[in-house]
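Trainee: I would like a close look at one part of this model. Please take me through the aromatic rings and the core around them.

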Amino acid sequence: YGKSYDLALRDGETTPATDAWGVQWTFTSQGASRIERPSYLLTSVALLPTRAGARQRFITSELREFYDDLDRRQDVPELVAGIRRSIAQDVYVTVPEVGEGSVVLRIRFNPLVSFAWIGAGLVIVGVIAASFPSLPHPTARA
């Protein structure tokens with residue numbers, strides 16, 4: 001039921017997307033920030049989203065690349081999703097690729113994720129309640 005988009009954005013560019021409920025979103029790239037350390041390279045991308053014309057909180061996603069002492073890449077780069085949670089849906093943004101002045105984004109709208117967590121909590125409460133032994137009915141004879 002979710003919707004996904006793979007988009008390429010240049011710094012300052014805006015792109016539209018429609019969520020699973022049919023509401024129009026826009027995402028404006030605020031540019032990529034890079035932090036270089038001896039053992040890793042961190043690229044962070046901030047997006048300014050709007051939902052139906054109303055400004056939302058920033059969503060920030062990261063791409064982490066780790067290197068050994070000889071500057072060889074270790075394993076696969078780690079994608080850290082920027083998540084915007086609400087009761088109706090979660091919005092996930094990842095950055096699988098970064099270029100000079102541009103990024104590739106993967107935006108995913110997942111509706112009703114909160115209800116799945118609420119349902120899981122109710123199942124756990126039910127299992128705990130069912131694990132206690134039942135007491136005999138007060139009118140039962142011994």
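Mentor: Here is a walk through the rings, then the core, then two hairpins. Keep in mind that this is a predicted model.

Start with the rings. The structure holds five aromatic pairs. One of them joins Trp-25 and Phe-109. Their centres are 5.6 Å apart, and the planes make an angle of 50°, so the pair counts as tilted. Now look at the sequence. Trp-25 sits in strand E3 and Phe-109 in strand E10, 84 residues apart. The pair therefore links distant parts of the chain.

Are these two rings buried or exposed? Trp-25 has a relative accessibility of 3%, so Trp-25 counts as buried. Phe-109 is buried too, at 0%. The cut-off for buried is under 20%.

Phe-109 has another ring partner, Phe-27. This pair is also tilted, with 6.3 Å from centre to centre and 50° between the planes. Again the pair links distant parts of the chain: Phe-27 belongs to E3, Phe-109 to E10, and 82 residues separate them. Phe-27 is buried, with a relative accessible area of 0%. Step back, and ring pairs tie Tyr-5, Trp-25, Phe-27 and Phe-109 into a cluster.

Next, the core. The largest nonpolar core has 15 residues. Phe-27 and Phe-109 are among the members that touch the most others, along with Val-91, Val-93, Leu-105 and Ile-107. Strands E1, E3, E4, E9 and E10 each give two or more residues to this core. E10 gives the largest share, four residues.

Pick out Ile-107. Which residues does Ile-107 contact, leaving aside neighbours within four places in sequence? They are Lys-3, Ser-4, Tyr-5, Leu-7, Phe-27, Val-91, Tyr-92 and Val-93.

Now follow E9 to its partner. Strand E8 (residues 82-85) pairs with E9 (residues 89-99) in the antiparallel sense, over four bridges. A hairpin of three residues joins the two strands. Arg-85 stands opposite Asp-90. Along E8 the side chains alternate. Gly-82 and Arg-84 point to one face and are buried. Ile-83 and Arg-85 point to the other face and are not buried. In a regular strand, side chains alternate between the two faces of the sheet.

Last, the other hairpin. E6 (residues 59-67) and E7 (residues 73-80) run antiparallel, joined by five bridges. Leu-63 has Leu-79 in E7 as its bridge partner. Five residues lie between the strands, and Asp-71 in the turn has a positive phi of about 60°.

Terms used:
Residues are numbered from 1 along each chain as its sequence is written. This is a predicted model: local features need pLDDT of at least 70, side-chain atom pairs count only at pLDDT 80 or more; totals for chains, interfaces and linings use all residues. Side-chain values use heavy atoms; hydrogens and water are left out. Buried means under 20% relative accessible area, exposed over 50%, partly exposed in between (1.4 Å probe, protein chains only). Two strands pair if DSSP finds at least two bridges between them. A nonpolar core is a set of buried Ala, Val, Leu, Ile, Met, Phe, Trp, Tyr and Cys residues joined through side-chain atoms within 4.5 Å. Contact means heavy atoms within 4.5 Å. Rings of Phe, Tyr and Trp (its six-membered ring) pair if their centres lie within 6.5 Å; planes under 30 degrees apart count as stacked, over 60 as edge-to-face and the rest as tilted.
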